[in-house]
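Dear colleague,

I am passing this structure on to you, and I would be grateful if you could look it over before reading my notes. My findings follow directly below it.

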Amino acid sequence: MTVDPYIIVGNGVAAVRAAEAIRAQGDDTRIIVFTDQECAFYSRPCLYYIMLGRIEWEDAWGRPNSFYPLNNIDLRCSTRISRIDPHAHMVEVAGHGRLPYSRLLLATGTHGRTPPWADQPLHGIVGLNTLLDVVSITDLLDRARSAVVVGGGLTSIELVEVCRRWGVPTIFIMRGSRFLESQLNDEEAQFIHQRLRGLGVEVLTHDEITSLEGRDGRVSRAITKSGREIACDIAGCAVGVVPDKELAEGAGAETKSGTVVDDHMRTTLPDIYAAGDCAQVRRTDGTPAPPEMLWYVAGDMGSVAGANMAGGDATYRRRIFLNVSEFCGLDFCGVGAIVPGQENVQETTIRDSRGGGSIRLVTGEGVLIGACFLGDVRLADIARGVIERGARLSDLPVSHPLRLLAERGSP
Amino acid sequence: MQQACLARPRRARRRFDAAQWAAAVVVIALVALFAVRRFADVFGYQLSPRTDRWSGLAIWWIYWGSVVLFGLVVIARWRNTYFRWRTLSVIASQTLFGILLAGPLAPSLRVPDFARHIHLTWPLHMSVITPYAQRHDLPAFVYGVIISLIAWPILAHFIGMRYCSWFCFCGNLAETAGDLYRVRGPKGPARQSLDNVGYVVFGLAALVTVLAWLHFDRPFQWYDFLVAFFVADVVGIITYPFLGSRVWCRFFCPLRAMLGWHSRRGRFAIYTSHHRCIECGTCNRYCEMGIDVRMRAREGIPLRDTECVACGACIAVCPRYALSFFPYPSAGEAMAAANVRRFRVPFKRQLATPRER
């Protein structure tokens, strides 16, 4: 008797980890991976570091050439799944008929949100979400005279950083009042703004692009809400990402902003799992947690989903949030709960005397719950350890660098 | 544009830069000099006293000069604290033991015989405990046994194989002239299993040492020619530009096998942060020992059970600072307990790659 194959939709880190976890359970059933991308698995966070010249282009490939054949994984690139029939255990491959599955994993990830002005066929509108974006940005940067980047998150500042380092005059437009509103407080964001301005990047807040004009199929001019006209060759668009939940929705699974799953990564439909950026794990009180959209989170979810698909029993446990980036010559690391404006917390900010950044420790009733590092990120992982344990700062050993930091302002 | 991603491009054949050409020339000159002297030994013809003296001195001075010169190149290229200290140690040990105490200046400095043996460690330097070199020198023999079989193994237990990257004569050249080629080392599980050849060489070394004690010098001479000359000097050094800097160390060195055995069971580790790793594999690319660092980093498990020589390259090149010599307190509950008396703050983050833009 032949067993129906496992089908994985998507080919990101969650999908690859899931396939690995299935094999790690000793299950040799065929795995078919469908992806609408043109290539094998690559690491999305690598793209930025490739653009910075930190790592080699080929290093974006997350697995060796032999990964798919050795693991008996059938990779179908540039292929879309158009529909899922959960009752018949079938998927409909766009243009290729139907395929049965024994278990299905939705690891579809996200797509960049497209504002109306970006929704036109102009050469010069870029994001930093796929490997092809790297190709097109590199192509554009060589001849660009000026760039506009819209967005308020880490991807947008990555785009700014790439343009700036290439020597292209850049204007950074954000809709809100400051950069990275969800993680930085006002002081830190203003510090970044100042720093960007010092590096020649114009920062416009409370503004957005209303229309984008092109000439000869290329971006030529952007008009902002405040009425300013900006001549530009590159229009970077990084205004957030949306989980791809259409497949799950069409099949009848429960979805909120993403596909809702339990801690075993099962959706509400039998034999259908979801993992990665498109999945929202249900908390103990039943409400789905907002998707975290981090690389290691997607990887963790993928391994759990894969293990459970192959008949194992793995439970997903949320880890302490940790986000790393670097921009305008500063390292950034956010750990734990650092959302500004939380209730019942105490915030201590330690500023570098030479203006090289700051460290913000967030404590709730003496227990460290978050830490935001700008500039000197050496203690970030140590802070993660302390947050994980839920230790009070005053209970730490006297020589613990975090305690010293909180008490005397230096580790 | 899409085609660019459909097929992986074949890795472009990289040309040598000026420093790499210079290192290649030095390497070839060294091997040529080794060959001249060794063949004279084996085939029994006498070099003229002048040639003998001249070639002997040239080897010491070229070796030392290239360690110093390329050491400075390494310091300038990497711009990293750990690399700076390590390379300074490399230069210092080469100067002290390769020039002053045991090298060409030793006779004129009237260094006592004993001091010449300070850096020698069996089984890499067989002469420490074989009677082949020192038939009646008991104190030197006792010292050799202590340093080789007790001191360095104990150190390897605590600080890993730093002997190889901070101190060793072969390592000194590998970490300076060879550093320029470090990305060329063979990688992958098949290549890593070849590491066990080192244990075979260790067995041979032990065997010929015992035989030499029993006054069978002939196998010892063959070992000396085959391993110490052919594999260590010719194969080990001349393959730098093609197979990276540590071919000898990884596949053949008996001392590496011995220290590695202790280091694997010891406390040395490189700690990894699962949260930070983005699986780029730059650590693997720069690892001269061909260790799969990425696999450990993406699982968040510390790099323990390996023959890491603690060169620090993976830590320096990781764009996300996912690796560290220092344990993150979260890495184990052991650190979480209050019995840790002193916490160490890691080095200031310095992202340094030789091709920094």
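What distance separates the centres of domain 1 of chain A and domain 3 of chain A, taken over C-alpha atoms? The two centres are 34 Å apart; please keep in mind, here and throughout, that this is a predicted model.

The domain assignment of chain A gives three domains, of which domain 1 is made of two stretches, 6-111 and 242-309, while domain 2 covers 116-239 and domain 3 covers 322-408.

I would begin in chain A with an open sheet of five strands, which are arranged in the order 3-2-1-7-19 and pair in parallel. At its edges lie strand 3 (73-76) and strand 19 (272-274) of chain A, each of which pairs on one side only. On average, and with direction ignored, neighbouring strands of this sheet are turned by 20 degrees against each other. Strand 19 of chain A is joined to strand 7 (residues 104-106) of chain A by three bridges in the parallel sense, and within this part of the sheet A:Leu106 has A:Ala274 of strand 19 as its bridge partner.

Helix 8 (residues 295-309) of chain A lies across strand 1 (6-9), strand 7 and strand 19 of chain A, and it runs at about 165 degrees to strand 19 of chain A. The same helix 8 of chain A also meets helix 1 (residues 13-24) of chain A, where the two axes come within 7 Å and cross at roughly 35 degrees, in a crossing that is right-handed. Among the residues that make this contact are A:Ala14, A:Ala18 and A:Ile22 of helix 1 of chain A, together with A:Trp295, A:Gly302 and A:Met309 of helix 8 of chain A. Sorted by character, the residues of the contact of helix 1 of chain A with helix 8 of chain A are 14 nonpolar, four polar and two charged.

A second sheet to look at in chain A is an open one of three strands, in the order 13-14-15, with antiparallel pairing. Strand 13 (209-215) and strand 15 (229-231) of chain A form its edges, each pairing on one side only, and neighbouring strands are turned by 25 degrees against each other on average, direction ignored. Six bridges hold the antiparallel pairing of strand 13 of chain A with strand 14 (residues 218-224) of chain A, and A:Ile209 has A:Thr224 of strand 14 as its bridge partner.

Strand 10 (residues 147-150) of chain A is worth a separate look, since its residues A:Ala147 and A:Val149 point one way and A:Val148 and A:Val150 the other way, with all of them buried. This strand 10 of chain A runs parallel to strand 11 (residues 170-173) of chain A, to which four bridges join it, and A:Val150 has A:Ile173 of strand 11 as its bridge partner.

Turning to chain B, there is a division into domain 1 (18-264) and domain 2 (271-336), whose centres, taken over C-alpha atoms, are separated by 28 Å. Their contact takes 27 residues from domain 1 of chain B and 15 residues from domain 2 of chain B. On the side of domain 1 of chain B that touches domain 2 of chain B, helix 14 of chain B gives the most, with four residues, and the residues of that side divide into seven nonpolar, nine polar and 11 charged.

With best regards

Note on methods: Residues numbered from 1 in each chain as written. Chains lettered and ligands numbered in written order. Predicted model: local features only at pLDDT ≥ 70, side-chain atom pairs only at ≥ 80, totals over all residues. Domains from an automatic or database assignment. Pairing = 2+ DSSP bridges. Helix = DSSP H or I, 4+ residues; strand = E, 2+ residues; numbered from the N terminus. Axes fitted to C-alpha atoms, helices over the stretch in contact; angles between N-to-C directions. Contact = placed C-beta atoms within 7 Å. Nonpolar A, V, L, I, M, F, W, Y, C, P; charged D, E, K, R; others polar. Left-handed = near helix turned anticlockwise from the far one by under 90°. Buried ≥ 20, exposed ≤ 12 C-beta atoms within 10 Å, placed from the backbone.
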